[in-house]
Amino acid sequence: MRVLYYNWADYLDDERRGGGVSVYQRNLMAAMDARDDVVAGFFSSGLSYDLPAGPPRWEAVRHGPRTDRHRRWEIVNAAPLAPAHHSFGDPAQIEDRATEAAVCDLVAATGPWDVLHLNNLEGLPVAVLGRLKARFPGLRIVLSLHNHFPVCPQVNLWWQERSACTDFDGGRACVTCLPRMPDRRMLRLANGLAYRLKRAGLGPGTRAVRIGGRGMRTLRRLRPPLSALTSGAPPAPARPDGAPFAARRSAMVAAINAHCDRVLCVSDAVRRIALRHGIAPDRAHVSYIGTAEAEAFARTAPRRVPRAADGTLTLGFLGYMRRDKGFHFLLDALESLPASLAARIRLVVAARRGDRATMARLAGLEARLASVDHADGYRHADLDRLLAPVDVGVIPVLWEDSLPQVAIEMHARHIPLLTADMGGARELGRCPDMVFPAGDTAAFRARLERLVAGGVDFGAYWAGAMPPVSLEAHAAALLRHYRG
């Protein structure tokens, strides 16, 4: 079987874009390579652009790592930029004939393919699904939902960087969603400059960068940060016109239902949201992603909680110091603890430094909690060391986070998870005693009090928990979907 995969970022991207989906895609390519019944290829779109601008085309990847160049391709000059919020509100997310033609040409020239497995639609017009089915009627199209892009141009149903979006008000909420709007022209120019520099051998990891870092410094000077490529959102009218965003959602759902043979939802939470917004139930299936972390689950054992002889409880937070990830809520909740409880809590944070105010709040907790340890980001190789003292992992998200990779990483090491009741993380432990209403500091405090008192039955927790899915098992399950 020949399978062509897609993600907006290359799984070997030298700027490490694409987050957990890139990690998943890299692992999945290796898992498929281990089989003798699959040939896998991959393409990306929405990041590489010519200077001066040119029409959309496809080409073999000719920059960054040389690994797998025989099976990695990209669309250059795609009309929709990636990631999704760079093209927020762009009609090209729905239709662009030239980009669609370039994708079809890529599939024709590199195939034949039995299956096209899309990890998302960011960087592509959704109308390409119909074009592909018309040109390749035997091609089976599978779409994985790692986020909510088909129904949310911001992908995460998170409004104005401050609250969960539970009602888009006929598209009107989308009009006022972004505090700062992307300047697509400038973003395309910046991506074009980065593409040209990489093609000239000045990308991350190249010899030119290693010798004094001159190339990367040049790239950073010439490629402004996203904040410089945005503008303040214009004042919204009293009754904004949400029709374009309502039409976008409708077109996305209709195209997926018409042309995708399978829609794979990475958690039951994602499937519920997909069904609520109109994805056909007979196409939507829960497919928990495979992970190399499954090996850690086999070599570790459940921990006693709390473990410390002094009766303290160590909480662990991995990921990003972002509001939607619940980090600011976590600070609020820990700052509000009574002194007697705060003195029994230790905190381990592995996340890139936030802004000055956030770091000041984290430092302020050192005087209230038993201890605070912060690692300024982490690599996969650091996880065992960083998580060794952790009793309970905290996933305090404030949005419908599909299934955070950090939750899987802690769960796989037999670290129980204290999660908000949004998103898919709570499906790993399947324990109501370890779930609290998102954003509810009082409920979070009550859960901590019970944990410190040893009031949670972790024998029952692990008996009911979901074992992580191995990459081998996941690959076998995907093949069943591919074969229909």
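**Aromatic rings and their partners**

Q: Which ring does the charged end of Arg-2 sit over in this predicted model?
A: A charge counts as over a ring if CZ of Arg is within 6 Å of the ring centre and within 35 degrees of the ring normal. The charged end of Arg-2 is 4.3 Å from the centre of its partner ring and sits over that ring, which belongs to Trp-113.

Q: What kind of pair do the rings of Tyr-6 and Phe-43 form?
A: Happily, there are plenty of pairs to look at, as a search of the whole structure finds 11 aromatic pairs. For Tyr-6 and Phe-43, the centres are 4.8 Å apart and the planes stand at 50°. Planes under 30 degrees apart would be stacked and over 60 edge-to-face, so this pair is tilted.

Q: How many residues apart are Tyr-6 and Phe-43?
A: Both residues are buried. Tyr-6 belongs to strand E1 (residues 2–6) and Phe-43 to strand E2 (residues 39–48). The pair thus links distant parts of the chain, with a separation of 37 residues.

Q: What kind of pair do Phe-329 and Phe-444 make?
A: Their ring centres lie 5.8 Å apart, with the planes at 80°. An angle over 60 degrees is what the label needs, so the pair is edge-to-face.

Q: Which helices does the pair of Phe-329 and Phe-444 tie together?
A: Both Phe-329 and Phe-444 are buried. They are 115 residues apart in sequence, so their pairing ties together separate parts. Phe-329 lies in residues 327–335 and Phe-444 in residues 441–452, which are helices H11 and H17.

Note on methods. Residues are numbered from 1 along each chain as its sequence is written. This is a predicted model: local features need pLDDT of at least 70, side-chain atom pairs count only at pLDDT 80 or more; totals for chains, interfaces and linings use all residues. Side-chain values use heavy atoms; hydrogens and water are left out. Rings of Phe, Tyr and Trp (its six-membered ring) pair if their centres lie within 6.5 Å; planes under 30 degrees apart count as stacked, over 60 as edge-to-face and the rest as tilted. Helices (H or I, at least four residues) and strands (E, at least two) are DSSP runs, numbered from the N terminus. Buried means under 20% relative accessible area, exposed over 50%, partly exposed in between (1.4 Å probe, protein chains only).
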